[in-house]
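Visitor: I would like a close look at one part of this model, followed outward into the elements around it. Please take it slowly and say how each term is being used.

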Amino acid sequence: LFVCPKFKGQQAGDEKGALETATSLANVTPETQPINEGAAMMLHYEGKVLPAWVHIRFGEWQKAVAYLETLLNNSQRPSQHSLVANYYQTLRLYCLGMQAVQQQRLQDANQYGMELSQLMHQYEQQGATKQATAEFKSINETYDIMNMMRYELAGWVDNMDKTQPFNEAAWKEALSLQSAIKYDEPPRLMAPVEEQLALLRKFRGEQTAYRQAKQQALQKRPNSRLIDLI
């Protein structure tokens, strides 16, 4: 996928510009349809799904859910690629979970997290059958992204009770996964894990840990104006 300078607007807080660029990329029609799961994953991960990632970047969980449901209900999508459909569903559950977190509906957030884990187990089982193929790398990389989202959601669920000590287990896993994902354009990670961690620390009133996480997020994305809003 080619680099589009305007897409960097999501780093600068230009939601409108980022969404316009993401939508234009999502609407690019390839001359030939992907013939395997890996090629479909690249098309739909780094193309069709970009507007949802922009909404996620700006914390617009319901808009991301609506866009993903549009993709899932689109009769023109390559429905034979079950891994792609699983990926869409996983993203949708992550967004629903984060929306529940935002609304402090802990029980719902936990339920979405469990459903997400079940979907990922199915994805892992199916993806494992393709280890000997050229497409496995794309499938595996996408699994890592999904896994990181699962740990982010779990990290929130584990720590919404401010009276309990901070449980860093899920966050350690998310940060470890992030360290293994290279940066590219458009970025496979719309926001560093440290941003969500900073928001959580702020929610819990842990000022020192909040400032540390925010500074770490800024080191990851030094030009991001969104960090100033955390």
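Where is the place of Q104?

Guide: Q104 sits in the loop between α6 (82-102) and α7 (106-128), where helices (H or I, at least four residues) and strands (E, at least two) are DSSP runs numbered from the N terminus. The model is predicted, so that local features need pLDDT of at least 70 and side-chain atom pairs count only at pLDDT 80 or more, while totals for chains, interfaces and linings use all residues. Residues are numbered from 1 along each chain as its sequence is written, and side-chain values use heavy atoms, with hydrogens and water left out.

At the loop itself, the backbone of Q104 has a phi near 60°, which is a positive value in a residue other than glycine. Q104 is also exposed, at a relative accessible area of 53%; on this scale buried means under 20% relative accessible area, exposed means over 50%, and partly exposed lies in between (1.4 Å probe, protein chains only).

The two helices that flank this loop also pack against each other. The axes of α6 and α7 come within 9 Å and cross at roughly 160°, the axes being lines fitted to C-alpha atoms, for helices over the stretch in contact, and the angles running from 0 to 180 degrees between N-to-C directions. α6 and α7 are therefore roughly antiparallel to each other, given that angles under 35 degrees count as roughly parallel, over 145 as roughly antiparallel, 65 to 115 as roughly perpendicular and the rest as oblique. The crossing of α6 past α7 is left-handed, a term for the near helix being turned anticlockwise from the far one by less than a right angle, with clockwise giving right-handed. On the α6 side the contact (heavy atoms within 4.5 Å) is made by residues including S82, L83, N86, L93, G97 and V101, and on the α7 side by residues including D108, Y112, E115, L119, Y123 and G127. Sorted by class, this contact has twelve nonpolar, eight polar and two charged residues, where Ala, Val, Leu, Ile, Met, Phe, Trp, Tyr, Cys and Pro count as nonpolar, Asp, Glu, Lys and Arg as charged, and the others, Gly among them, as polar.

Helix α6 also carries M98, which is buried at 3% relative accessibility. Leaving aside its neighbours within four places in sequence, M98 is in contact with W61, L153, W156 and Q196. The C-alpha atoms of M98 and L153 are separated by 6.5 Å, although their positions lie 55 residues apart along the chain when counted as their separation in sequence.

Each of these contacts of M98 can be followed further. W61 is one of the α5 residues in the packing of helix α4 (residues 50-57) against helix α5 (residues 61-72), whose axes are 8 Å apart at an angle of about 170°. That angle makes α4 roughly antiparallel to α5, and the crossing of α4 and α5 is left-handed. The residues that meet are P51, A52, H55 and I56 of α4 with W61, K63, A64, Y67 and L68 of α5, and they divide into seven nonpolar, one polar and one charged.

W156 and Q196 lead to another pair of helices, since M148, E152, G155 and W156 in α8 meet V193, Q196, L199, L200 and F203 in α10. By class, the contact of α8 with α10 has six nonpolar, two polar and one charged residues. Helix α10 (residues 193-203) packs against α8 at an angle of about 5°, with the axes 10 Å apart, and α8 and α10 are therefore roughly parallel to each other. Helix α8 (residues 136-157) also holds I139, which counts as buried at 2% relative accessibility.

As for the setting of this part, the protein chain has eleven helices and zero strands. Of its 230 residues, 49% are buried. Among contacts between residues at least 6 apart in sequence, 66% join residues at least 24 apart.
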